[in-house]
Amino acid sequence: MASRAGPRAAGTDGSDFQHRERVAMHYQMSVTLKYEIKKLIYVHLVLWLLLVAKMSVGHLRLLSHDQVAMPYQWEYPYLLSILPSLLGLLSFPRNNISYLVLSMISMGLFSIAPLIYGSMEMFPAAQQLYRHGKAYRFLFGFSAVSVMYLVLVLAVQVHAWQLYYSKKLLDSWFTSTQEKKRK
């Protein structure tokens, strides 16, 4: 047996590691997927905070309407999209399957559904901008519909990847619990 400071054990050249125990693949996968989901949650948090800031500035009239337009209707229910992310974070410490499932279901309701509604709500304004070059809402000199479609596309990607990784994590945890029940 080798020690940290001492010499290697006699009779070995270091190639006898094949028999040693390894961390099971589903545990390695769980750690990796949790890390990826946490990164996506932090990106979602940044998008969410930007949206809250835009809505606050619009409602409190801190800047003129030429600078920041009033929020679209889809932005209000999208504010609830932080709840699925928090449920996902709460599921990580103890590998709580029920919290992760609730997170995935509520993500569809509070995140994906408002984004779909938002794309439909903003479509006439985007069509008018494309056909006639006229915009009536602005965000710091840019067309509000263009900026919000960009935010919408980013949010859809973040939530889609978050759902994908959550499903893989759920499968990993389910495999782990099934193996424990067999023993």
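**Figure 1. Aromatic pairs in the predicted model.** Four aromatic pairs are present in this structure, which is a predicted model. One of them joins W74 and Y78 in an edge-to-face arrangement, with 6.0 Å between the ring centres and 65° between the planes. The label edge-to-face applies because the angle between planes is over 60 degrees. W74 and Y78 are both buried. Elsewhere in the chain, ring pairs connect W161, Y164 and Y165 into a cluster.

**Figure 2. Overall fold of the protein chain.** Five helices and two strands make up the secondary structure of the chain. Their order along the sequence is α-α-α-α-β-β-α. The chain has 183 residues, of which 31% count as buried. The exposed area is about 12100 Å², and carbon and sulfur atoms supply 65% of that area. For contacts between residues at least 6 apart in sequence, 74% bring together residues at least 24 apart.

**Figure 3. Segments annotated as transmembrane.** The UniProt record, an unreviewed entry, places the feature "transmembrane region" at residues 41-64, 99-117 and 138-160. Two of these segments are described here by their composition and end-to-end distance. Residues 41-64 are 83% helix and 0% strand, with 32 Å between the end C-alpha atoms. Residues 138-160 are 74% helix and 17% strand, and the C-alpha atoms at the two ends of this span are 28 Å apart.

**Figure 4. The end of helix α1 and the contacts of G58.** Helix α1 covers residues 25-60, and L60 belongs to this helix. G58 also lies in helix α1. G58 counts as buried because its relative accessibility is 2%, and the limit for that class is under 20%. Which residues does G58 contact once its neighbours within four places in sequence are left aside? These contacts are with V68, A69 and M70. The C-alpha atoms of G58 and A69 are 6.0 Å apart, although the two residues are separated by eleven places in sequence.

**Figure 5. A nonpolar surface patch that includes L60.** L60, L62, L63, F140 and F142 together make a nonpolar patch of about 570 Å² on the surface. L60 has a relative accessible area of 58% and is therefore classed as exposed.

**Figure 6. Salt bridge between E75 and K54.** The structure contains three salt bridges. Side chains of opposite charge can pair when their charged atoms come close. In the pair shown in this view, E75 bonds with K54 through a salt bridge whose closest N and O atoms are 3.4 Å apart. This pair links distant parts of the chain, since E75 is in helix α2 (residues 75-78) and K54 is in helix α1, 21 residues apart. Both E75 and K54 are buried.

**Figure 7. Salt bridges within helices α1 and α5.** In helix α1, the side chains of E36 and K39 form a salt bridge with an N to O distance of 3.5 Å. E36 and K39 are three residues apart in helix α1, so about one helical turn separates them. E36 is partly exposed at 22% relative accessible area, and K39 is partly exposed at 38% relative accessibility. In the second pair of this view, K167 and D171 form a salt bridge with the closest N and O atoms 2.8 Å apart. K167 and D171 both belong to helix α5 (residues 144-182), where they are four residues apart, about one turn of the helix. K167 is partly exposed, with 42% relative accessibility, and D171 is partly exposed, with a relative accessible area of 36%.

**Figure 8. Loop residues with positive phi.** R61 has a positive phi of about 55° although R61 is not a glycine. R61 is placed in the loop between α1 and α2. Is R61 buried or exposed? R61 is exposed, because its relative accessible area is 56%, and that class requires over 50%. N95, likewise not a glycine, has a positive phi of about 50°. N95 sits in the loop between α3 (82-91) and α4 (97-132). N95 has a relative accessible area of 32% and so counts as partly exposed.

How values were computed
Residues numbered from 1 in each chain as written. Predicted model: local features only at pLDDT ≥ 70, side-chain atom pairs only at ≥ 80, totals over all residues. Heavy atoms only, no water. Phe/Tyr/Trp six-rings, centres within 6.5 Å; stacked < 30°, edge-to-face > 60°. Buried < 20%, exposed > 50% of the residue type's maximum accessible area, 1.4 Å probe, protein only. Contact = heavy atoms within 4.5 Å. Areas by Shrake-Rupley, 256 points an atom, 1.4 Å probe, with all protein chains shown as cover. Patch = residues over 30% accessible without salt bridge, like charges linked within 9 Å, V, L, I, M, F, W, Y side chains within 5 Å. Salt bridge = Lys/Arg side-chain N within 4 Å of Asp/Glu carboxyl O. UniProt positions renumbered as here; feature names shortened; annotations may be inferred.
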